[in-house]
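The report that follows walks through one structure for a reader who has not met it before. Please keep the sequence and the 3D view at hand while reading.

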Amino acid sequence: MGLLDDRVAVVTGGASGLGRSICKHFAAEGADVVVADLQAEPREGGTPTHELLEDEYDVEAAYVECDVTNKEDHEAAADAAEEFGGLDVWVNNAGVFRGEEFTEVTEDEYDWLMDINVKGVFFGAQVAIERMLEAGVEGDLINLSSVAGLEGSADFVTYCTSKGAARLMTYSLADKYGPEGINTNAIHPGIIDTKMVSEDVPIIGSETEEEFLQQVPKRRFGQPEDIADAAVYLASDMSDYVNGESLVVDGGQTNT
């Protein structure tokens, strides 16, 4: 028996990185999974996630091309979940990062990041909750924020703003739809070893890697599996009384 047997989950940004790991952990616990992403091919290479889930975990899985800034694409992902029996869990994982000098941020750069990190979460949540209410499902909505949504950073003003918005959106939705049996929670990852952190930031593999590592009491960077385990917990019955929570997974970084 798996922790997520008979459940159907949608994971945005599920083809790569944290999303891929969440999809794998969900499938390992028995969930059928819809991988919603711009492309099926993982950024880190390898078998497309939906194919991997079907081959290795004997669950139903599907890929849906999804631009999270487009509500219709969220609807398509929810439709795919209904083909598997109906939506139970929605993970707003898709997100992007950009560091900047605050005074040099352009409107186009601001809009690009906010459209994905805030608008994408908002309308993913809207579609998920609409479907759960229609079906009378007591489901779970999980938003991926960041420790950057808890603390400010001089170098990442726009990113911190977007992740702070996701955190407060989580609190508001938990208050609004908790009475309907829908739990809404946020996961706040610290520095996790993904392509985003090694290439987009970068931290891991850079000259400043050791400096960042010394900020983490565990003295290691997180792995995607650390976030996926948290997502499984929030999607399972173990967290039935957890609603409106910010689950920080950062090795103690924000405590230093």
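Strand β5 is covered on both of its faces, with Asp140, Ile142 and Leu144 buried on one side and Leu141 and Asn143 buried on the other. In this predicted model, the strand spans residues 140–144, and 5 of its 5 residues are buried. A comparable description holds for strand β6, residues 183–189, where 7 of the 7 residues are buried, so that the strand is largely enclosed by the rest of the structure. On one side of β6 the buried residues are Asn183, Asn185, Ile187 and Pro189, while Thr184, Ala186 and His188 are buried on the other.

These strands are joined to their neighbours by bridges. Strand β4, residues 89–92, runs parallel to β5 and is joined to it by 4 bridges, and within this pairing Trp90 has Leu141 as its bridge partner in β5, whereas Val89 stands opposite Asp140. The pairing of β5 with β6 is also in the parallel sense and extends over 5 bridges; here the bridge partner of Leu141 in β6 is Thr184.

Which order do the strands of the sheet follow? The sheet is open and is formed by 7 strands in the order β3-β2-β1-β4-β5-β6-β7, with parallel pairing. Its edge strands are β3 (61–65) and β7 (246–249), each of which pairs on one side only, and the twist from one strand to the next averages 20°. Helix α2, residues 49–57, packs on this sheet and touches both β2 (32–37) and β3, its direction making about 175° with that of β3.

A further contact is formed between two helices. The axes of helix α1 (residues 17–28) and helix α8 (residues 224–235) come within 8 Å of one another and cross at roughly 50°. Because of that angle, α1 counts as oblique to α8, and the crossing of the two helices is right-handed. From α1, the residues Gly17, Leu18, Ser21, Ile22, His25 and Phe26 take part, and they meet Pro224, Glu225, Ile227, Ala228, Asp229, Ala231, Val232 and Ala235 in α8. The residues of this contact divide into 9 nonpolar, 3 polar and 2 charged.

Ile192, which lies in the loop between β6 and α6 (195–200), touches residues from both of these helices, among them Leu18, Pro224 and Ile227. Beyond these, and leaving aside residues up to four places away in sequence, Ile192 also touches Val197, Ile204, Gly222, Gln223 and Val249. The C-alpha atoms of Ile192 and Val249 are 9.3 Å apart in space, although the two residues are 57 residues apart in sequence.

Is Ile192 buried or exposed? Its relative accessible area is 4%, and Ile192 is therefore buried, since the cut-off for that word is under 20%. The table sets this residue beside two others that lie outside the helices and strands.

| Residue | Location | Relative accessible area |
|---|---|---|
| Ile192 | loop between β6 and α6 | 4%, buried |
| Asp6 | segment before β1 (8–12) | 78%, exposed |
| Arg219 | loop between α7 (209–213) and α8 | 44%, partly exposed |

Two of the tabulated residues also have a notable backbone angle. Most residues other than glycine have a negative phi. Asp6, however, has a positive phi of about 65° although it is not a glycine, and Arg219, likewise a residue other than glycine, has a positive phi near 55°.

Note on methods
Residues are numbered from 1 along each chain as its sequence is written. This is a predicted model: local features need pLDDT of at least 70, side-chain atom pairs count only at pLDDT 80 or more; totals for chains, interfaces and linings use all residues. Side-chain values use heavy atoms; hydrogens and water are left out. Axes are lines fitted to C-alpha atoms, for helices over the stretch in contact, and angles run from 0 to 180 degrees between N-to-C directions. Angles under 35 degrees count as roughly parallel, over 145 as roughly antiparallel, 65 to 115 as roughly perpendicular and the rest as oblique. A crossing is left-handed if the near helix is turned anticlockwise from the far one by less than a right angle, and right-handed if clockwise. Contact means heavy atoms within 4.5 Å. Ala, Val, Leu, Ile, Met, Phe, Trp, Tyr, Cys and Pro count as nonpolar, Asp, Glu, Lys and Arg as charged, and the others, Gly among them, as polar. Buried means under 20% relative accessible area, exposed over 50%, partly exposed in between (1.4 Å probe, protein chains only). Two strands pair if DSSP finds at least two bridges between them.
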